[in-house]
Amino acid sequence: MSSNVRRGAWRTRFGFYLLAIGSACGLGNLWRFPYVVGENGGGAFVLIYVFMSLAIGAPMLINELIMGKTSRRSVLVATQRLSEKAGRGFRWAGRFSVILSIIVLSYYAVISGWVLHFLTQFLISFFSPPEIVTAKTNLAALMSNGWLQFMLASAHLLITIVVVVKGVQEGLEKFISYTMPLFATLVLLLVLRSFSLPSTPEVLRFLFYPDFSKLTWSSLNHAIGHVFFTLSVGFGTMVTFGSYMKEDDHAPTAGFRVTVVDTVISLIAVVMIFPLAFQASNVPLTDPALMFEVLPRYLLGIRGGTLFGLAFFVCLYMAALNASIGLLEVVVSNWVDVQKKMQRGPATWYSGLAALSFAILPALSSSVFKEVRLGGRSLIEALDSLLINWMLPLIALGILMAYNWGTTDKEKELNFVDKDKFVSYTMYPHWYFISRWVAPGVIILGLLMQVLDLFF
Ligand code: PHE
Ligand code: NA
């Protein structure tokens, strides 16, 4: 009981969904997904992504929720306990996932800083002639100014730290529950507008007509890595959230719903961004700056675009903040779980500052470290690839196998089947089979193909 108080006793079921969906839906959907789709050639990749999300992502998300719910602990302690049966080595899966969270937080903070930048630019454009803030020069200015990026990332991390330290998430969640519907409305309006552009038929063909010749050896793994990133699987986030669930909350239902919402949002995001991108350049853009390049420029060009853009970037920032809170929260909850003497306050500051000191690398990627090229990639892209295409699948696999081998079949069935829900009886064998055989097999296959890609 006392440990439940320490971890912040759980509130309403609606609150759980806000937290889990809030953590899942973020820059991964609106910023990362579109450019990864561009990079991997469009339709065929989108198809694989959706399939992987539902077939592999959802079961693994459910697994992590169950691990948290049954252990009432975070990923470190949960994997430690499972490793007694699964094998001592699996403790590393938990450890690495916490390290991954800190590093991803730092790089997420840099992109959140970009969002902050455009948010303030839209604000400024109310008071100055909009030509001054035309997006193109603006983005270039931001990209060439690494210290500005670092300052913005620091501001973002500071806000994140204060929210987590003050424990004002609940208040923030209320606020976010208002901004999310607004955001959805704005995005839908943009989609409608995008649809009226002359490039739309071509774009829809690019996005939804699967041309498998465009895939590379790495594409499968890129899809899997992105699925984990966008669903917050492999970071321990969902284990922590699972530990906050009530006894009678059904983890499989929750995990499935979170997956569906997140996937739908990603699909809407590409439908919104790509017509604008094609309009701007006629070739699918494949750069992390994609969204920041096409959206502000388009918005500043339409009537009422300044207000629209401001509202859009405020909402996008709230989504980014919410996801960052989730990342920091996991690190803190792990820390206070293993070190009983540690207080939440200092743990939050130390973790946040650790992320901040690391943020200097991605922040300076397009300026001071501009010349640094790793395998033809800029520093920030190389970091993204290392974290999300290599570390994340390995760690998610480790956590999955710890659960598979650390839990008996009887326990697995008890964890999954809800006697009130008929559908959970029928889904159980599928979930079991996927967790046990399909997911590990597909992850390993994806990684092996990516290794091959290094040589060909
Ligand atoms: N899933 C988030 C997104 O799509 C990113 C994230 C990963 C958030 C891990 C928390 C933990 O933007
Ligand atoms: Na997401």
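These legends accompany a set of close-up views of a predicted model.

**View 1. The sodium ion (ligand 2) and its protein donors.**
Let's start at the metal. The protein donors of the sodium ion (ligand 2) are Ala24 through O, Asn29 through OD1, Thr230 through both O and OG1, and Asp262 through OD, at 2.1 to 2.5 Å from the ion. Along the chain, these donors follow the spacing A-x4-N-x200-T-x31-D. Thr230 sits in helix α11 (residues 219–231) and Asp262 in helix α13 (residues 251–281), so the pair links distant parts of the chain, 32 residues apart. Thr230 is buried, with a relative accessible area of 1%. Asp262 counts as buried too, at 0% relative accessibility.

**View 2. The geometry around the sodium ion (ligand 2).**
Here is the same site with an eye on its angles. Six donor atoms surround the sodium ion (ligand 2), and the angles they subtend run from 80 to 172°. The arrangement is octahedral because opposite donors are over 155 degrees apart and all others lie between 65 and 115. For comparison, ideal angles for six octahedral donors are 90 or 180 degrees.

**View 3. Leu76 and its contacts in helix α5.**
Leu76 has its place in helix α5 (residues 75–86). Is Leu76 buried or exposed? At 18% relative accessibility, Leu76 counts as buried, because the limit for that class is under 20%. Leaving aside neighbours within four places in sequence, Leu76 is in contact with Gly94, Arg95, Val98, Asn334 and Val338. For one of these partners, Gly94, the C-alpha atoms are 4.7 Å apart in space, while the two residues are 18 apart in sequence.

**View 4. Arg81, also in helix α5.**
Staying with helix α5, this view turns to Arg81. Arg81 counts as partly exposed, with 42% relative accessibility. Which residues does Arg81 contact, leaving aside its neighbours within four places in sequence? They are Ser71 and Arg73. Pro181 lies 100 residues from Arg81 along the chain, and their C-alpha atoms are separated by 40 Å.

**View 5. Arg72, with a salt bridge and a positive phi.**
The salt bridges in this model come to five, and one of them pairs Arg72 with Glu247, with 3.4 Å between the closest N and O atoms. Arg72 belongs to the loop between α4 (43–71) and α5, and Glu247 to the loop between α12 (237–243) and α13, so the pair ties together parts that are 175 residues apart in sequence. The two partners have unlike surroundings: Arg72 is buried, with a relative accessible area of 17%, whereas Glu247 counts as exposed at 63%. The backbone of Arg72 also deserves a look: its phi is near 55°, a positive value in a residue other than glycine. Most residues other than glycine have a negative phi.

**View 6. Ser232, another residue with a positive phi.**
Ser232 lies in the loop between α11 and α12. What is the phi of Ser232 near? The value is near 60°, which is positive in a residue other than glycine. Ser232 is buried, with a relative accessible area of 6%.

**View 7. The salt bridge of Glu329 and Arg344.**
In this view, Glu329 and Arg344 form a salt bridge, their closest N and O atoms being 3.5 Å apart. The pair links distant parts of the chain: Glu329 is in helix α15 (residues 305–338) and Arg344 in helix α16 (residues 344–363), 15 residues apart. Glu329 counts as buried at 8% relative accessibility, whereas Arg344 counts as partly exposed at 26%.

**View 8. The salt bridge of Lys214 and Asp211.**
The side chains of Lys214 and Asp211 meet in a salt bridge, 3.8 Å from N to O. Lys214 is partly exposed, with a relative accessible area of 41%. Asp211 counts as partly exposed as well, at 27% relative accessibility.

**View 9. A nonpolar patch on the surface.**
We finish on the surface. Trp217, Val451, Leu452, Leu454, Phe455 and Phe456 form a nonpolar patch there, and together they have about 690 Å² of accessible area. One of its members, Val451, lies in helix α19 (residues 422–455). Val451 is partly exposed, with a relative accessible area of 33%.

Note on methods:
Residues are numbered from 1 along each chain as its sequence is written. Chains are lettered from A and ligands numbered from 1 in the order in which they are written. This is a predicted model: local features need pLDDT of at least 70, side-chain atom pairs count only at pLDDT 80 or more; totals for chains, interfaces and linings use all residues. Side-chain values use heavy atoms; hydrogens and water are left out. Donors are N, O and S atoms within 2.8 Å of the metal (3.2 Å for Na, K and Ca); water is not among the atoms, so sites may look incomplete. Four donors count as tetrahedral if all angles lie between 85 and 135 degrees; four count as square planar and six as octahedral if opposite donors are over 155 degrees apart and all others between 65 and 115; anything else is irregular. Helices (H or I, at least four residues) and strands (E, at least two) are DSSP runs, numbered from the N terminus. Buried means under 20% relative accessible area, exposed over 50%, partly exposed in between (1.4 Å probe, protein chains only). Contact means heavy atoms within 4.5 Å. Patches are made of residues with over 30% relative accessible area and no salt bridge: like charges are joined within 9 Å, nonpolar side chains (Val, Leu, Ile, Met, Phe, Trp, Tyr) within 5 Å. Accessible areas come from the Shrake-Rupley method with a 1.4 Å probe; for residues, only the protein chains shown count as cover. A salt bridge is a side-chain nitrogen of Lys or Arg within 4 Å of a carboxyl oxygen of Asp or Glu.
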